[in-house]
Amino acid sequence: MEFSRDQIEEIKRRTSRYKADPVIFIEEFQKLIIHALQNNRFNILRKFRQAGCTTLAAAFSLWLTMFHKLKSVVILSIGDTEATEVLDRIKIMYNELPSWFREIPEFQTSKSNMHTFRLKNGSFIKSRPSGRQSGRGLSCSLLVLDEAAFIENIGTIWAAAYPTISTGGNAFVLST
């Protein structure tokens, strides 16, 4: 690959910024993922372990449901423990928001349990363990398939879920 002088100078400038500040380096990686989620209906992320991408998907899910009425997010993971762990991260993020923020009526929770986080604006997040029938009957604005490579029957789940998101829903598939 050949680079122009301007491209080389830009690479040097960015590299020195990344070296000087780890926040800039980390933000760049996270921004790429968030921009992809905002601009593409279907996203597949092949990630390395402990990359924080599941947490990023959780944060995006919280943002989507807080700032957009009547949005639904369904998170499918390998098992019940993994699915509820993602929802627990979302609840922690929500609880760590400033109290004045959580007091805005549409941002208040109306239902929260092990598998559901529902806001008064009509939006909600559900977590489910994967299973042969997991995709059947799903209706969601965003489907998150966490650790998709390790979900048994992923083809069957995708075939069942696809019709519900094909009319405008989004999918974020991530796995190591």
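## Leu70

Leu70 is found in the loop between H3 and strand E2 (72-77). The model is a predicted one. Leu70 is not a glycine, yet its phi is positive, at about 60 degrees. Is Leu70 buried or exposed? Leu70 counts as exposed, because its relative accessibility is 67% and the exposed class lies over 50%.

## Glu147

A positive phi is also found at Glu147. The value is near 55 degrees, and Glu147 is a residue other than glycine. Glu147 is found in the loop between E6 and H6.

Glu147 is buried. Its relative accessible area is 13%, and the buried class lies under 20%.

## Overall architecture

The protein chain has six helices and seven strands. From the N terminus on, the order is α-α-β-α-β-α-α-β-β-β-β-α-β. The chain thus opens with two helices and ends on a strand.

The protein chain has 176 residues, and 37% of them count as buried. The C-alpha trace spans about 55 × 45 × 30 Å along its principal axes. How many of the contacts between residues at least 6 apart in sequence join residues at least 24 apart? The share is 69%.

## H1 against H2

Two packed helices are described by the angle between their axes and the distance between the axes. Helix H1 covers residues 5-20, and helix H2 covers residues 22-39. They pack at an angle of about 115 degrees. Their axes are 5 Å apart. That angle makes H1 roughly perpendicular to H2.

Which residues of H1 meet H2? They are Arg14, Arg17, Tyr18 and Ala20. On the H2 side stand Pro22, Ile24, Phe25 and Glu28. By class, this contact of H1 with H2 holds five nonpolar and three charged residues, with no polar ones.

## H2 against H3

H2 also meets H3. The axes of H2 and H3 come within 11 Å and cross at roughly 45 degrees. H2 is therefore oblique to H3. The crossing of H2 past H3 is right-handed.

H2 contributes Phe29, Gln30, Ile33, Ile34, Leu37 and Gln38 to the contact. H3 contributes Cys53, Leu56, Phe60 and Trp63. Eight of the residues in the contact of H2 with H3 are nonpolar and two are polar. No charged residue takes part in the contact of H2 with H3.

## H3 against H4

Helix H3 (residues 53-67) packs in turn with helix H4 (residues 80-96). The angle is about 60 degrees, and the axes are 9 Å apart. Are H3 and H4 parallel, perpendicular or oblique to each other? They are oblique, because an angle of about 60 degrees falls outside the 65 to 115 range for roughly perpendicular and is not under 35 degrees. H3 passes H4 in a right-handed crossing.

From H3, the contact takes in Thr54, Thr55, Ala58, Ala59, Ser61, Leu62 and Met66. From H4, it takes in Val86, Arg89, Ile90, Met93 and Tyr94. The residues of the contact of H3 with H4 comprise eight nonpolar, three polar and one charged. Thr54, Thr55 and Ser61 fall in the polar class. Arg89 is the charged one.

## Ser130

Where is Ser130 placed? Ser130 sits in the loop between strand E5 (124-129) and strand E6 (142-146). Ser130 counts as buried, because its relative accessibility is 18% and the class runs under 20%.

The side chain of Ser130 reaches the backbone oxygen of Ile78 at 2.9 Å. Ile78 also appears among the residues that Ser130 touches, not counting those up to four places away in sequence. The others are Ser77, Ile151 and Ile157.

## Ala160

Ala160 lies in helix H6 (residues 154-165). Ala160 counts as buried, at 13% relative accessibility.

How far apart in space are Ala160 and Leu138? The distance is 8.1 Å, C-alpha to C-alpha. In sequence, Ala160 and Leu138 are 22 residues apart.

Methods:
Residues are numbered from 1 along each chain as its sequence is written. This is a predicted model: local features need pLDDT of at least 70, side-chain atom pairs count only at pLDDT 80 or more; totals for chains, interfaces and linings use all residues. Side-chain values use heavy atoms; hydrogens and water are left out. Axes are lines fitted to C-alpha atoms, for helices over the stretch in contact, and angles run from 0 to 180 degrees between N-to-C directions. Helices (H or I, at least four residues) and strands (E, at least two) are DSSP runs, numbered from the N terminus. A crossing is left-handed if the near helix is turned anticlockwise from the far one by less than a right angle, and right-handed if clockwise. Contact means heavy atoms within 4.5 Å. Buried means under 20% relative accessible area, exposed over 50%, partly exposed in between (1.4 Å probe, protein chains only). A polar contact is a pair of N or O atoms within 3.5 Å; within protein, one must be able to donate a hydrogen and the other to accept it, and residues adjacent in sequence count only if both atoms are side-chain atoms. Angles under 35 degrees count as roughly parallel, over 145 as roughly antiparallel, 65 to 115 as roughly perpendicular and the rest as oblique.
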